[in-house]
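These are my notebook entries on a structure that I examined one topic at a time. I wrote down each item as I looked it up.

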Amino acid sequence: MMLTPTNLRTEYLTEPIGIDAPAPCLFWTCEGGTTQSAYQLVARRDGEAIWDTGKVESHAMTGIRWEGPALRSRDLVEWSVRLWDEDGVSGEWRSARFEQGLLQATDWKATWITGDYRPRRREHHPVDHFRRAFTCGKVSTARLYITACGLYQAKLNGRRVGDFIMAPGFTSYQQRLHYQTYDIGALLQPGENTLEVEVADGWFRGSIGAMGVRNVYGEETKLLAQLEIFAPDGAADTVLTDGAWVWSNDGPIRFADMKDGEIVDLSRTATLNGRARETTYPVVPSAANNVAVREQERFTPISSRTPSGRQLLDFGQNLAGYVELTVQAHAGDRIRLQFAEHLNADGELDMRAIQVRAGKNDATPKQEIILSLVEGINTYKTTFAVFGFRYAVVVSEIELDPADVTAIAVYSDMKPTARFDCSNQLVNRFVENTLWSMKGNFLDVPTDCPTRERAPWTGDVQIFTRTGTYLMDTAAFLRKWLVDLRDRQGADGKVPCHAPDVRNNEFIPGIDFIRRMDGCVGWADSAVLVPVRLYELYRDDRFLRDAYASMKAHVQFQIGRTNRTGMFGRRFPKPDRKYISNMGQAFGEWLEPRDVYQQSVVTDFLAPHPEEATAYLAYVCGLMVDVAKLLGQDEDVVLFEEYHRGCTLAYVNQFTPIDTNRQSKLVRPLALGLLDGQLAKDTLDRLVGAIEERDYRIGTGFLSTPLILPLLTQMGRTDVAYRMLENEEAPGWLHEVLAGATTVWEDWEGEASQNHYSPGSVCQWLFETVCGIDVTGVNAFTIAPQPGGTMTHANLSYDSVFGTVSSSWVTDGDTIRYEFRVPANTTAEIRLPAGTVGTVSAGAWCFEENRQPRPTTPRQLRQATGVRKDDAV
Ligand code: BGC
């Protein structure tokens, strides 16, 4: 077989239209050979070659920088690539396309429009309908560029435009507003056409954050749309939002709020008897260069009755999304559905764990749909709300036929990239639960949970980035989120707890208590840790380059918190004081099991956390030394090195030896590399003793949960890590599964949100240790599985940016048989428990090892089983 490029992507996206990337990076993976010795790229615009690299001797297949002429707005480029293999034989061409969006502010000719009413802060306003009729002739291409302050959904001639849900997505709207580009050629018809757009409150004006604060980004929702039609002869025509559009807000959706839900009167049709009002918005829309939010899996419920006699629909999976239903009714019938993740001990819907009640405000989120029905068949699908739920209770005289109700999961359309399976079914379900918590919380921004707060907490992302990036291709999504983070970073470098802002904790209107926690250790550190984790798995130094100024500003801000004493802080002696971070409020480890540590308002919200903060500052400065060297920022290295060394030493002087059995306190300095020699050994012994004393039950909170098992492995105690992972008693990962969880719980007790991905970050250890896969460089992996625990087999197949790499093992009596697949044009260093085998090239490999370690002999699968290596790649 010839070496062929596959999976062609532009800026991590498959055939994107409407991107903002005048010099995009191109990506492919290889199949059908061993090594790519050269490539040739040809790019065409309007059929004319505008860039031809000729034959480039290179192994590179990712991050190939555009070196053709600078691209312009609307440029549609087709790029083709062919490869030469290790023998210098060239293969077939493969092609892909991308299209630029509107790159200049002057490309926008449309005028912002809004509904013809005066918005009132306290009132909820129904959904706006805007419509424009127009005629068109023969169409060659047509694009709709569209965005809203609020959420929009567009229909052309009655048919839905695109499939982006909750468009235009969430950004810090004061600085950045994304638009979408749709190919609408197939929806247009010669003659009369109508474009109709509904606009709802969304993140812009609707309730957001734990308290459901409204009007955070503005009081006036608005729409901007620009339809560009090109005839076969090249003649251009446009349809633009302006005061000529008709408007009304008397359509079916009387109320729409992303958290609270919808009130819909199916007997209504928008009259459109008013006019849109022209308005302005100071932000020029930009392209997100991100994946769309789409409808995904669908679930049909099982119907039963709650003890109080209501119809209960159980969809079997906790998810974030909405419902679609059909029901036969009489005019005037009403139906109310309320959604929740959990049932209480009595078997009734439990809203307590997901609702917050603040002051005079109602409990939020309401998570309900109220429908007024018409005579005959009614159909309904939620348009402008998303709920976190597994169950729905139906409050109505009418009984729903469960076959006519569907729950639809909604999340950003990232490609799933990991397939994991092992002999412990509870572990498999936990991995699946983690993926479901990711799906439930990656809706254009990463959130803590899809219910109570739905807030883009910076710490949660930091904790989960590595696991999440194995599970799904997060490159475009998290690149977009890092821009959100930078949009919110202070001029002093301070990184907030949320990005974008959701005014999360305004118990008293106007006072956001969480703002005082901005810069918090472990949360603000996402400014450094997210780009570093993305770089580790994608090996694209643009993640670091784009973030470098923000990373450095964050570290400088944190350095500014050393050598000082904050409110309720204890004083540290000189000279260590200089390097102890002892200012600002912080959450500390956060949510350790309650039998390990009870949080207190003073020590855990108001006081600084010098132990955690100094440890992270030392660690992050160490990472920054490497980042600065990699990016050639040599002048910064001295400062980072000073604080890396200084903080490490001060930590050791002030916080060790560690005399506690709290796992987090022992894990942190070891995992962050602050201890060595005898001190490290003694701390590990204490940790292992503490774990044994707890019968292998987990004792860490948010920050140390992803660290504990990798640390045990790194220090040679993989046996202990397996026992912790496979422990079935509470608190523990598998205990949640045994208790019936279908997503990951926020707290180990299962009393808070049921859908928080961060404790699922333990999956990283399954992928990197149990199956042993790691990306160690451009086109390079290590595969170093460590069988153990009760497991008799495990396998992982990971669609990395360099191709699909897989590792599986199975025990057979005293023998362990390993099978690995190394993708074309990459190499993998194979390490087995008995020792390092060496570096292998692309292909399928198998090894056998006696459980009593003895030297291993590599042989290729071809020799062992007769499968040709070429077929196996
Ligand atoms: C959120 C967390 C978040 C935390 C901050 C919680 O209420 O749900 O996920 O990181 O607050 O400590």
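The entries below cover the ligand, the cysteines, one helix, two strands and a few single residues.

**Entry 1: the model.** I note at the start that this is a predicted model.

**Entry 2: the ligand.** I first asked which residues surround the ligand. I found Asp 448, Arg 452, Glu 453, Trp 457, Asp 460, Trp 523, Phe 587, Trp 590, Phe 702, Glu 746 and His 756 around the ligand. I then sorted this shell by class and recorded 5 nonpolar, 1 polar and 5 charged residues.

Next I looked up distances from side chains to the ligand. For Arg 452, I recorded 2.8 Å between an N or O atom of the side chain and an oxygen atom of the ligand. For Asp 460, a polar side-chain atom is 2.5 Å from an oxygen atom of the ligand. For Glu 746, the distance from a polar side-chain atom to a ligand oxygen atom is 3.3 Å. How much of the ligand's accessible area does the protein cover? I found that the ligand on its own has 310 Å² of accessible area, and that the protein covers 94% of this.

**Entry 3: the cysteines.** I asked how many disulfides a search of the whole structure finds. The search gives 0 disulfides. I wanted to know why Cys 422 has no bond to the closest cysteine sulfur. That sulfur belongs to Cys 771 and is 7.9 Å from the sulfur of Cys 422, which is too far for a bond. I also checked whether Cys 422 is buried or exposed. Cys 422 counts as buried because its relative accessibility is 0%. Cys 136 likewise counts as buried, at 11% relative accessibility.

**Entry 4: helix H13.** I looked up residues 718–726, which form helix H13. In this helix, 7 of the 9 residues are buried, so H13 is largely enclosed by the rest of the structure. I listed the buried residues as Thr 718, Val 720, Ala 721, Tyr 722, Met 724, Leu 725 and Glu 726.

**Entry 5: strands E41 and E42.** I asked how strand E41 (residues 827–832) and strand E42 (residues 835–840) run, parallel or antiparallel. They run antiparallel, and 5 bridges join them. The two strands form a hairpin, with 2 residues between them. Within this pair, I noted that Arg 831 stands opposite Thr 836 in E42.

**Entry 6: two loop residues.** I located Asp 350 in the loop between strand E28 (334–340) and strand E29 (368–372). Asp 350 counts as buried, because its relative accessibility is 9% and the limit for buried is under 20%. Its side chain reaches the backbone nitrogen of Arg 352 at 3.0 Å.

I found Gly 234 in another loop, between strand E17 (222–230) and strand E18 (236–240). Gly 234 has 47% relative accessibility, so it counts as partly exposed. I also looked up its distance to Val 139: the two are 95 residues apart in sequence, and their C-alpha atoms are 9.4 Å apart in space.

**Entry 7: Gly 376.** I placed Gly 376 in strand E30, which covers residues 376–381. Gly 376 is buried, with a relative accessible area of 17%. How far apart are the C-alpha atoms of Gly 376 and Asp 501? I recorded a separation of 44 Å for this pair, whose members are 125 residues apart along the chain.

How values were computed
Residues numbered from 1 in each chain as written. Predicted model: local features only at pLDDT ≥ 70, side-chain atom pairs only at ≥ 80, totals over all residues. Heavy atoms only, no water. Near = heavy atom within 4 Å. Polar contact = N/O pair within 3.5 Å; in protein donor to acceptor, adjacent residues only side chain to side chain. Areas by Shrake-Rupley, 256 points an atom, 1.4 Å probe, with all protein chains shown as cover. Nonpolar A, V, L, I, M, F, W, Y, C, P; charged D, E, K, R; others polar. Pairing = 2+ DSSP bridges. Helix = DSSP H or I, 4+ residues; strand = E, 2+ residues; numbered from the N terminus. Buried < 20%, exposed > 50% of the residue type's maximum accessible area, 1.4 Å probe, protein only. Disulfide = S-S within 2.5 Å.
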